[in-house]
Amino acid sequence: MAASDHPEDQTNDSLPDDAIELADEQAEDQQSEGEENEGEAEEKLDLEVKVEERGACERHITVTVARDDIDRYFNKEYTEMMPTAQVPGFRPGRAPRRLIEQRFRKDVAEKVKGALVMASISQVNEQEDLAAISEPDFDFEAIEVPEEGPMTFEFDLEVRPQFDVPQWKGLRIEKPVQEFTDKDIDAAIERLLAEHGQLVPKDGAAELGDYISTDLTFAYQGNVLSSAQEEVIRLRPVLSFRDGRISNFGEIMTGVKAGETREAEAEIGEDAPNMALRGQRVQGTFKVHEIKRLQLPEMTPELLSELGDFESEAEFRDAVRDMLQRRLEYEQHRRVRQQITAALTAAANWDLPPGLLERQSRRELSRAVMELQRSGFSDTEIRAYENDLRQNSRRETARALKEHFILERIAELESIEDSPEDYDEEIRLIARQSGETSRRVRARLEKQGGMDVLRNQIIERKVIDMIQQHAQFAEVPHTPEQPVAEALDRAVASEEPASEIPEAKPEVGSGEPTYPHQPEDR
């Protein structure tokens, strides 16, 4: 969800390869020397450091490296070169040091610069107690190693904000509760069977819940922004896109007949990729070809097998009840978390850097999708939430980051940590919902860098659970919200990266059932 709070796990892409290689070699040499000379402390750099605070999360740092350290690094490099240096007119290792210094000065200076910069930043982070959440931002090429005197360079760094941990014990919290009836199970089964239903033609006018096959076009000031042919859309009150929405879609389209054309305005979100159109209204045209209705399938043994290798309808109903319970637990966790974080962040009035919000918006999107996947929500429901989050990414990311910083600090103070078993359980729940194997889910998360996101989710949930143990609860009835938005995985005004939701396809021959709500891994 948030930026890594472990700067030692980060890499610096600003440095050239040879500088990084030298730093690695020096680290190995220092380790070797430490083994040979146990108890001998590593020599620190003589640094003059100035830290300028430019916001709660921004620091501008000026570092001056003493001349003695520069000469020491040069001397070490030349000393290591002496046995193998090749200079015309001399056998390897026989050239005078003065000639070696003249011949290789430029190359050695670049390596020394890289090593000094990396060592300096590491030492500054340690001695100034800077909890970095991003890579240092500086121009490596602009840094010069002078012939005489000290070396000075500057860099910008994003850090965790400093704040007093709010009081988190004894919070008063409302917890939604619900007992699921047979009627609730029937309604949920009807929604699930819709995924396996068949669209059939419908005579007459369209109603909410029906489907339309339509050509749609979006234009702004006469210029076409996007279009699609024969898009099948379910009529719901709101039509959501990745970068905008039509809030009165159901009202406008109800009563439409095949062959008719309707127009509707889409409002582009304030965080849309197309900056010129943020907050603007664009004209949408829907040319309807056909009205369709959903015909649900019969509950046959073949369908039960397809849904998840269920042996009976009773077993299927048990799985649906389990799914509803997981959704309730998600809603309880969400409502409880909202109340807890609202109390914790009430005084968190510090601003976050725009660049940090921009980078972390995709991370927060991934975290939110993972949370929904583990809680049994369908791809359609997740897509609607995902579109809404995209359209309000900066505001939601700022809120999520502040929550993360506070929860992470509490975790540190209370020694709350993650464990391998935590990851196994999270991955199992995601696999259970997506129809993939746990092995494939883990491989995908590792490839996409999602394990760090998963770590934040685990730690934050543990902190929330701990706070709940010290809270005072009042149970309130829970009324599930009915879906009001139909979500399309496309942008109105521009193209964006594909949805965060992975395609839920099992491995060929894996034996994994395709039903996304199976009771246990099989």
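Two strands pair if DSSP finds at least two bridges between them. Keep that in mind for the first stop. The model on your screen is predicted.

**Stop 1: a sheet**

Select residues 47-53, strand S1. Add residues 58-65, strand S2. S1 and S2 run antiparallel, and 7 bridges join them. Now find Glu-53. Across from Glu-53, in S2, stands Arg-59.

Next, add strand S3, residues 151-158. You now have an open sheet of 3 strands, in the order S1-S2-S3, with antiparallel pairing. Which strands stand at the edges? They are S1 and S3. Each has a single partner strand, so one side of each lacks a neighbour in the sheet. Look for the twist too: neighbouring strands here are turned by 20° against each other on average, direction ignored.

**Stop 2: two crossing helices**

Select helix H7, residues 313-344, and helix H13, residues 450-469. Their axes come within 11 Å and cross at roughly 80°. Angles of 65 to 115 degrees count as roughly perpendicular, and H7 and H13 are therefore roughly perpendicular to each other.

Show the side chains at the contact. H7 brings His-333, Val-336, Arg-337, Ile-340 and Leu-344. H13 brings Glu-460, Arg-461, Ile-464, Ile-467 and Gln-468. By type, the contact has 5 nonpolar, 2 polar and 3 charged residues.

**Stop 3: Ser-227**

Go to strand S7, residues 223-234, and pick Ser-227. Ser-227 has 43% relative accessibility, so it counts as partly exposed. Leaving out residues up to four places away in sequence, Ser-227 touches Leu-216, Thr-217 and Arg-490. Finish with Thr-285. Thr-285 is 58 residues from Ser-227 in sequence, yet 9.3 Å away in space, C-alpha to C-alpha.

Technical notes:
Residues numbered from 1 in each chain as written. Predicted model: local features only at pLDDT ≥ 70, side-chain atom pairs only at ≥ 80, totals over all residues. Heavy atoms only, no water. Helix = DSSP H or I, 4+ residues; strand = E, 2+ residues; numbered from the N terminus. Axes fitted to C-alpha atoms, helices over the stretch in contact; angles between N-to-C directions. Parallel < 35°, antiparallel > 145°, perpendicular 65-115°, else oblique. Contact = heavy atoms within 4.5 Å. Nonpolar A, V, L, I, M, F, W, Y, C, P; charged D, E, K, R; others polar. Buried < 20%, exposed > 50% of the residue type's maximum accessible area, 1.4 Å probe, protein only.
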